[in-house]
Amino acid sequence: MWDEKVIQMIIEGIGQTLYMTLVPTLFGYILGLPMGVVLTVTDKDGIRPNAKIYKVLDFISNIFRSIPFLILLILLIPLTKAIVGKSYGSNAMIVPLTIAAAPYIARMVESSLKEVDHGVIEAAQSMGASTWTIVTKVLLTEARTSLIVNATIVTATILGYSAMAGTVGADGLGAIAVRYGYNRYQPDIMVVTVVILVLLVQIMQGIGMMLSRKFDRRRTG
């Protein structure tokens with residue numbers, strides 16, 4: 001049963017899973033990081049309060065985060081087809097995974113930025129620092145350790161989403177687990193894919209924790 005073909009399939013599945021995890025996470029941060037910054041800045045306790053902007057972004061974030069990923073994936077099939085040309089495969093899954101990741105990332109970024117000591121922000125404001133300077137030199141810099149920790153959590157979450165997508169046309173380890181472990185009653189393949197997924201999460205968490213400790217020592221050293 002465990003011939004060269006199966007082993008090659010597992011290896012390809014690992015590559016497809018990493019692709020469907022890292023690329024949507026990157027795109028998610030391109031969309032979610034600015035959104036999280038704006039949520040922080042326009043909050044009632046932010047440096048530039050703006051209730052209208054905050055409420056709009058807050059509503060968008062809450063709506064998309066409230067929809068279970070599998071349902072969101074199905075709802076986005078027309079958009080995925082319009083962008084990619086099909087609704088199945090690794091490339092197609094980038095669209096729903098990115099859209100699912102962005103509002104989640106925005107909230108994680110907002111949470112990290114709100115941990116920054118308000119006294120540091122007030123000191124920057126008293127010296128005449130612009131909003132852009134406060135965001136880039138104070139908020140993002142002071143919150144970098146928390147941002148890295150949260151990025152690790154986000155990446156692990158998207159990895160889980162990519163595995164779930166295997167039930168509705170995605171490639172990767174999730175699809176292998178469903179196709180062989182469930183549909184063809186091959187529990188050994190199911191166990192191997194689960195173990196690999198757990199190991200991938202552990203590796204990502206280890207890298208994230210290592211980076212967060214490194215940057216934390218720089219800040220406090």
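The following paragraphs describe the helices, helix contacts and nonpolar cores of a predicted model.

The model is a prediction, so local features are restricted to pLDDT of at least 70 and side-chain atom pairs to pLDDT 80 or more, whereas totals for chains, interfaces and linings use all residues. Residues are numbered from 1 along each chain as its sequence is written, and side-chain values use heavy atoms, with hydrogens and water left out.

We can begin with the overall layout. The protein contains 10 helices and 0 strands, where helices (H or I, at least four residues) and strands (E, at least two) are DSSP runs numbered from the N terminus. Read from the N terminus, the order of elements is α-α-α-α-α-α-α-α-α-α. The C-alpha trace spans about 70 × 45 × 25 Å along its principal axes. Of the 221 residues, 43% count as buried; here buried means under 20% relative accessible area, exposed means over 50%, and partly exposed lies in between (1.4 Å probe, protein chains only). Contacts, defined as heavy atoms within 4.5 Å, often link distant parts of the sequence: among those with a separation of 6 or more, 74% come from residues 24 or more positions apart.

Helix α1 (residues 4-42) holds Thr-25 and also Pro-24, which makes this pair a handy way into the packing. Pro-24 has a relative accessibility of 0% and therefore counts as buried. Beyond its neighbours within four places in sequence, Pro-24 is in contact with Tyr-19, Ile-94, Leu-97, Thr-98, Ala-101 and Ile-158. Thr-25 is buried too, with a relative accessible area of 8%. Residues up to four places away aside, Thr-25 touches Ile-105, Val-154, Thr-155 and Ile-158. As for distances across the model, the C-alpha atoms of Pro-24 and Met-127 are 39 Å apart, with their positions 103 residues apart in sequence.

Next come the helix pairs. Axes are lines fitted to C-alpha atoms, for helices over the stretch in contact, and angles run from 0 to 180 degrees between N-to-C directions. Angles under 35 degrees count as roughly parallel, over 145 as roughly antiparallel, 65 to 115 as roughly perpendicular and the rest as oblique. A crossing is left-handed if the near helix is turned anticlockwise from the far one by less than a right angle, and right-handed if clockwise.

The axes of α1 and helix α5 (residues 90-113) come within 5 Å and cross at roughly 40°, so the two helices are oblique to each other. Their crossing is right-handed. The residues of this contact comprise 20 nonpolar, 9 polar and 2 charged, with Ala, Val, Leu, Ile, Met, Phe, Trp, Tyr, Cys and Pro counted as nonpolar, Asp, Glu, Lys and Arg as charged, and the others, Gly among them, as polar.

Helix α1 also packs against helix α8 (residues 144-164), where the axes come within 9 Å and cross at roughly 130°; α1 and α8 are therefore oblique. Here α1 passes α8 in a right-handed crossing. On the α1 side the contact includes Thr-17, Met-20, Pro-24, Thr-25 and Tyr-29, and on the α8 side residues including Leu-147, Val-154, Ile-158 and Ser-162. By class, the contact of α1 with α8 has 9 nonpolar, 6 polar and no charged residues.

Helices α5 and α8 meet as well, their axes coming within 10 Å and crossing at roughly 155°, so this pair is roughly antiparallel. The crossing of α5 and α8 is right-handed. Among the residues in contact are Leu-97, Ala-101, Ile-105 and Val-109 of α5, and Leu-147, Val-154, Ile-158 and Tyr-161 of α8. This contact divides into 12 nonpolar, 5 polar and no charged residues.

The cores complete the picture. A nonpolar core is a set of buried Ala, Val, Leu, Ile, Met, Phe, Trp, Tyr and Cys residues joined through side-chain atoms within 4.5 Å. The largest has 31 residues, and those with the most contacts inside it are Met-93, Val-109, Ile-121, Ile-134 and Leu-139. Two or more residues of this core come from each of α1, α3 (69-75), α5, α6 (118-126), α7 (131-142) and α8, and α5 gives the most, with 9 residues. Val-109 touches Tyr-29, Leu-33, Gly-36, Val-37 and Leu-147, not counting residues up to four places away in sequence. A second, separate core of 15 residues includes Ile-10, Ala-156, Tyr-180 and Met-204.

Finally, Val-198 lies in helix α10 (residues 187-220) and is partly exposed, with a relative accessible area of 45%.
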